[in-house]
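Student: I am new to this structure and would like a close look at one part of it, chain A, with its surroundings. Please take it step by step.

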Amino acid sequence: MLAWTIYLSFAGAIMLAILPKAKPALARWLALSVAVAGLAIAIAGFAAGMGQGRTVFVDLPWVPSMGIHFLLAADGISRVLVLLTGLAAVAGVLFSWNIELRTNEFFAFFLALIGGVYGVFLSFDLLLLFVFYEIAIVPKYFLIAIWGSTRREYAAMKLAIYSFAGSAMVLIGLLAAYATSGSHSTSLVELGHAGFPVSFQMWCFPLVFTGFAILAGMWPFHTWAPTGHVAAPTAASMLLAGVVMKLGAYGCLRVGIALFPRGLDPWGFSFIGFGSWRDVFAVLAVVGIIYGALVALAQTDFKFVIGYSSVSHMGFVLLGLMTLNQIGMTGAVLQMFSHGIIAGLLFAIVGRIVYDRTHTRQLAELETMHLSRRLPFAAWAFVIAGMASMGLPGFSGFVAELQVLVGAWKVNPWWVAAAGVGIVVGVAYTWRALQMAFFGDAPASPHVLEQEHGHKLAAITWPEVTGVVLLAGASLGVGLYPRILLDTIEPAVKALLAGGVQ
Amino acid sequence: MNYADLFRVTLPETALEIAALVVLVVDLGFLRKTALKARVAVAALLGVAGCGAAIWALQFQGDAGLSYGTIGESTLLATGGFAQIAQSGILVLTALTLLLLIDSDFTRHVGEYVSVVLMAAVGGLLISAAQDLLVIFIGLELLSLGLYILTAFAKSSGKSAEAAMKYYLFGGMSAAFLLFGFSYLYGITGSTNLNQIFSALAVGEGDSFPLLIVAVVLVFAGLGFKVAAVPFHLWAPDTYEGAPAPAAAFIASVSKVASFTLLLSIGFASEHILISGAGFWTRFGAGLGSIRFELLWNVILFAAAALSMVVGNLAALAQVSVRRLLAYSAIAHAGYLLLGITNNHGEVIAHLPFSRPSPTTDAVLFYILTYGLTTIGAFGVVSVVERATGSDRLDSFLGLHKRNSLLAAVLLVLFLSLAGIPPLVGFYAKFNLFAAVLGVSAGPVPFTLVALAVAFSAVSLYYYLQVLKRAYVMPAVDESPIKAHPATMAVLVAIAAAVVVLGCFPALLQNWIESFYR
């Protein structure tokens with residue numbers, strides 16, 4: 001059933017592409033109905049799959065001579081991420097309700113991107129996964145380059161080149177794995193049983209992991225992320241941070257770690273303190289956490305703050321993956337979900353609710369605008385989103401980051417100590433942005449107030465309220481009752497650890 | 001050999017020649033007074049009909065080929081197998097380039113144009129099947145001379161004349177190299193037949209190794225020119241830029257298919273000697289010559305492949321003319337393809353029946369056929385834009401999606417396919433080729449080259465996006481709609497649809513290729 005999320009999204013994209021150009025309202029409603037249908041299927045598939053292991057929906061020979069199958073399946077990890085994609089898609093359409101320029105093309109690219117993302121999460125054939133992964137690159141480019149803002153062409157090209165370079169690394173690893181396995185199959189399960197030599201895994205793992213981690217925003221390959229997020233139109237930044245970065249992390253997990261588990265073994269020697277690829281990537285993840293947070297603290301552009309915070313939060317995902325234990329990796333998957341929701345919400349508030357009304361994202365300018373009074377909804381929504389982003393208990397981020405840190409503690413307490421610094425800085429930059437953007441204490445002279453009264457900011461519309469409620473509710477719901485996702489994630493991670501990691 | 005065999009095997013060529021003459025007679029004899037548009041349509045359709053007849057005639061060729069003595073030892077023209085696949089491909093692609101002619105007005109001599117195209121295609125058919133140095137040379141000359149004329153066909157354009165002159169000078173020089181190399185090969189081995197040459201080499205002409213080096217290098221200089229491999233590529237950008245668009249499409253597709261098939265048959269002959277018939281014992285016996293040849297040939301091809309990928313992709317980054325961009329991208333694609341030519345090893349082929357070449361051969365054919373298709377479409381789009389804006393510069397693509405959204409969509413599909421983005425056929429062709437190369441031999445050298453190829457594919461996305469960016473992203477300076485002839489549009493849309501369908505279902509084309517080996 002979940003397979004229909006893919007078909008529906010691509011069908012919707014094609015329909016929107018051939019829709020008459022003069023009817024933006026029709027395009028919006030069509031896109032919304034496709035996204036909602038996708039979310040409904042995702043929820044139904046999630047509910048139906050509860051307590052089940054890996055289920056295969058479709059298994060058709062695609063290129064028989066090379067053993068490539070059109071193999072769609074889902075396990076707990078996939079179901080959670082498909083759910084995330086459904087939520088992000090609906091929220092993305094809602095927050096793009098005011099797109100007037102080439103509306104139908106916008107939503108066509110949007111749904112094509114969503115379809116590719118669903119496809120990656122549901123593919124259990126390595127080549128198919130790669131195909132969907134690349135399908136997602138091109139719409140991103142056009143979404144940013146056509147509908148973006150600040151230096152959009154530069155940012156779009158940078159993102160496309162980074163993504164394509166990453167996928168080239170993955171492709172090299174894929175070809176090498178295919179040639180080495182000799183099994184003439186690209187199914188993830190069969191490749192997992194191929195028993196690659198350790199020496200092969202030792203170089204193929206870092207190659208593939210880095211290739212995917214570029215899209216997950218791993219330091220020092222993260223620089224596409226802030227510029228891309230800032231330049232992208234709101235919905236695209238929501239998707240970029242919400243689901244596209246998860247594609248990278250998911251690839252690291254599903255392909256990198258599951259296929260080449262011995263690549264994480266100790267090298268047998270130590271090089272300036274690094275004894276294995278695991279140490280290397282864990283340290284890069286920790287550096288990303290701290291670096292992203294520190295840079296976010298110094299930004300003057302509201303959206304850059306959120307952009308760098310994504311780098312920091314994705315560091316937790318990668319750190320969780322490198323723990324290689326049950327609790328840490330469960331936390332990593334939960335953090336993917338959690339960050340997808342929270343980052344989507346933050347970008348929606350900054351890009352759509354605030355920027356489209358004030359036409360500035362400079363914190364210094366926002367400080368003088370008294371937004372807490374003029375846009376109380378935005379202010380309180382950002383308070384909630386900010387709390388979620390800081391990882392306060394009661395929100396999904398808390399559960400996820402806690403699990404990652406517990407898992408990391410078991411491996412190396414120093415990683416936790418360093419990541420803790422990142423959390424503290426995270427509180428600081430969120431607080432700073434919140435305070436400067438909404439609760440600026442610029443004196444409110446009667447003259448200014450009168451002037452502001454004359455330029456009333458446009459009222460908050462229903463799509464915005466719905467979107468905020470949807471995302472904030474999801475984060476709060478998972479935060480208050482994390483078992484709803486954990487029960488699905490834990491068995492899948494356990495199976496993956498048992499099958500893939502030694 | 002008897003004349004019945006000759007007639008049977010060359011039936012497709014004969015069909016094309018007859019069609020060429022019919023076109024001339026009809027155009028010059030009956031349509032002198034008719035309007036140019038009607039003449040173009042009639043000539044193009046007659047040419048297409050000729051290609052159709054030749055495709056139909058392919059089935060009567062039989063399996064034995066044309067030989068003057070024992071089959072295999074003295075074959076002149078092969079039939080069936082990959083030769084026939086390539087011939088079918090050449091005929092289909094020729095028909096497509098002729099259909100693109102319908103909308104063009106660069107010449108009033110349409111009858112001559114179409115018949116030269118058909119005769120050049122005959123050359124292509126010949127070299128795809130040729131197993132003898134003399135036939136190869138004649139076929140190549142027939143093809144090349146046709147191409148020089150076609151390049152110069154826009155008589156009112158200085159660029160066209162310049163391009164043809166450059167192409168001709170380079171081409172004449174490389175033909176001389178090739179012939180010189182052939183003469184050495186003949187001198188070393190005493191035969192002009194590919195199989196006999198390699199048998200003789202296998203028996204061990206160790207003393208003549210220095211001479212063999214010279215011969216092989218000279219031969220590759222001649223063939224490398226045809227496929228535009230670095231360092232014999234300099235003609236390509238000028239020719240692609242100056243030639244009339246349908247001629248450029250023909251050069252970029254049909255001529256490439258034919259030349260790569262020729263490279264395939266040389267590699268094929270060199271390997272089969274190691275395992276089949278007379279050659280089998282030599283593998284353990286005296287014969288170092290053949291292994292030496294293979295080593296030498298592979299080293300040259302590897303070097304040319306690596307250089308072509310690097311130079312083609314990097315030079316394409318700096319182009320402002322879309323035709324030159326396509327030329328450099330063609331050089332890069334030739335680099336990828338040469339990887340597939342190199343990696344043939346007797347060990348793998350030993351398991352396969354004689355008529356069955358190594359897996360890389362299929363992959364190369366898949367690649368070159370789909371690449372030819374895509375590039376014809378690309379030149380079709382460029383020529384429509386060029387006629388509307390008067391230039392093929394990047395900036396003339398500005399706002400194309402507003403001026404003709406269907407054309408822009410076709411451009412999107414074709415260029416993304418060239419860049420190797422799934423689910424378009426260019427991606428699968430690349431994947432298939434690289435997987436086959438690694439599947440045959442996963443040594444460090446092929447692996448490094450495949451890694452290089454994949455890395456440079458990532459680079460290539462940049463320049464393809466430069467064109468697409470102008471078509472979709474950047475604001476238009478001129479928003480007047482671009483009109484294309486309905487027939488041209490139909491061909492272009494059909495090509496784009498084929499690129500999508502074959503990308504989603506590559507097994508269709510693969511099964512078709514497989515069906516020739518049964």
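Tutor: What follows goes from chain A as a whole to some of its residues and then to its partner chain.

This is a predicted model, so confidence comes before detail. Chain A has a mean pLDDT of 87, and 97% of its residues reach 70 or more. Among the elements of chain A, helix α12 (residues 277-297) has the highest mean pLDDT, 92, and helix α20 (residues 446-454) the lowest, 67. Where pLDDT is low, the predicted coordinates should not be read in detail.

Chain A is built with 22 helices and 4 strands. Its C-alpha trace spans about 75 × 55 × 40 Å along the principal axes. The radius of gyration of chain A is 22 Å, which agrees with the value near 23 Å that a compact globule of 502 residues would have. Of those 502 residues, 62% are buried. Contacts between residues at least 6 apart in the sequence of chain A join residues at least 24 apart in 80% of cases.

Helix α4 of chain A is a good place to start. This helix covers residues 103-122, 20 residues in total, and runs 29 Å from its first C-alpha to its last, close to the 28 Å expected at 1.5 Å a residue. For α4(A), 20 of the 20 residues are buried, so the helix is largely enclosed by the rest of the structure.

Arg102(A) lies in the loop between α3 (76-94) and α4 of chain A. Is this residue buried, partly exposed or exposed? Arg102(A) is partly exposed, because 18 other C-beta atoms lie within 10 Å, and a residue needs 20 or more to be buried. The backbone of Arg102(A) has a positive phi of about 45°, although the residue is not a glycine. Most residues other than glycine have a negative phi, and most peptide bonds are trans.

Another residue with a positive phi is His359(A), where the angle is near 55° and the residue is again not a glycine. His359(A) belongs to the loop between α14 (326-358) and α15 (363-366) of chain A. His359(A) counts as exposed because it has 8 C-beta neighbours inside 10 Å.

A cis peptide bond is found in chain A from Trp219(A) to Pro220(A), with omega near 5°. Pro220(A) is in the loop between α9 (198-215) and α10 (224-231) of chain A.

Now for the interior. Val243(A) is placed in helix α11 (residues 234-259) of chain A. Val243(A) is buried, because 31 other C-beta atoms lie within 10 Å. Neighbours within four places in sequence aside, Val243(A) is in contact with Leu84(A), Thr85(A), Ala88(A), Val117(A) and Gly340(A). Gln299(A) is 56 residues from Val243(A) along the chain, and the C-alpha atoms of the two are separated by 24 Å.

The largest nonpolar core has 412 residues. Among the residues with the most contacts inside this core are Leu175(A), Ala216(A), Leu318(A) and Phe415(B). Helix α7 (residues 152-181) of chain A gives the largest share of the core, 18 residues. Leu318(A) touches Ala213(A), Ala216(A), Met218(A), Ala249(A), Phe281(A) and Ala285(A), residues up to four places away in sequence not being counted. In soluble globular proteins, nonpolar side chains tend to be buried together.

Chain A also has a contact with chain B, which takes 26 residues from chain A and 25 residues from chain B. On the side of chain B that touches chain A, the elements that give two or more residues are α19 (425-440), α20 (444-472) and α22 (507-514) of chain B. The largest share of that side comes from α20(B), with 12 residues. By type, the residues on the side of chain B that touches chain A are 21 nonpolar, 3 polar and 1 charged.

Chain B itself has 22 helices and 2 strands. Its radius of gyration is 22 Å, close to the 24 Å that the globule rule gives for 518 residues, so chain B is as compact as a globular protein of that length. Buried residues account for 62% of the 518 residues of chain B. A cis peptide bond also occurs in chain B, between Pro422(B) and Pro423(B), with omega about 5°. Pro423(B) sits in the loop between α18 (405-419) and α19 of chain B.

Conventions
Residues are numbered from 1 along each chain as its sequence is written. Chains are lettered from A and ligands numbered from 1 in the order in which they are written. Two residues are in contact if their C-beta atoms, placed from the backbone, lie within 7 Å. Ala, Val, Leu, Ile, Met, Phe, Trp, Tyr, Cys and Pro count as nonpolar, Asp, Glu, Lys and Arg as charged, and the others, Gly among them, as polar. A residue is buried if 20 or more other C-beta atoms lie within 10 Å of its own, exposed if 12 or fewer, and partly exposed in between; C-beta atoms are placed from the backbone. The radius of gyration is taken over C-alpha atoms; the globule rule is 2.2 Å times the number of residues to the power 0.38. The expected span of a helix is 1.5 Å times one less than its number of residues. pLDDT is the predictor's confidence in each residue, from 0 to 100. A nonpolar core is a set of buried Ala, Val, Leu, Ile, Met, Phe, Trp, Tyr and Cys residues joined through C-beta atoms within 7 Å.
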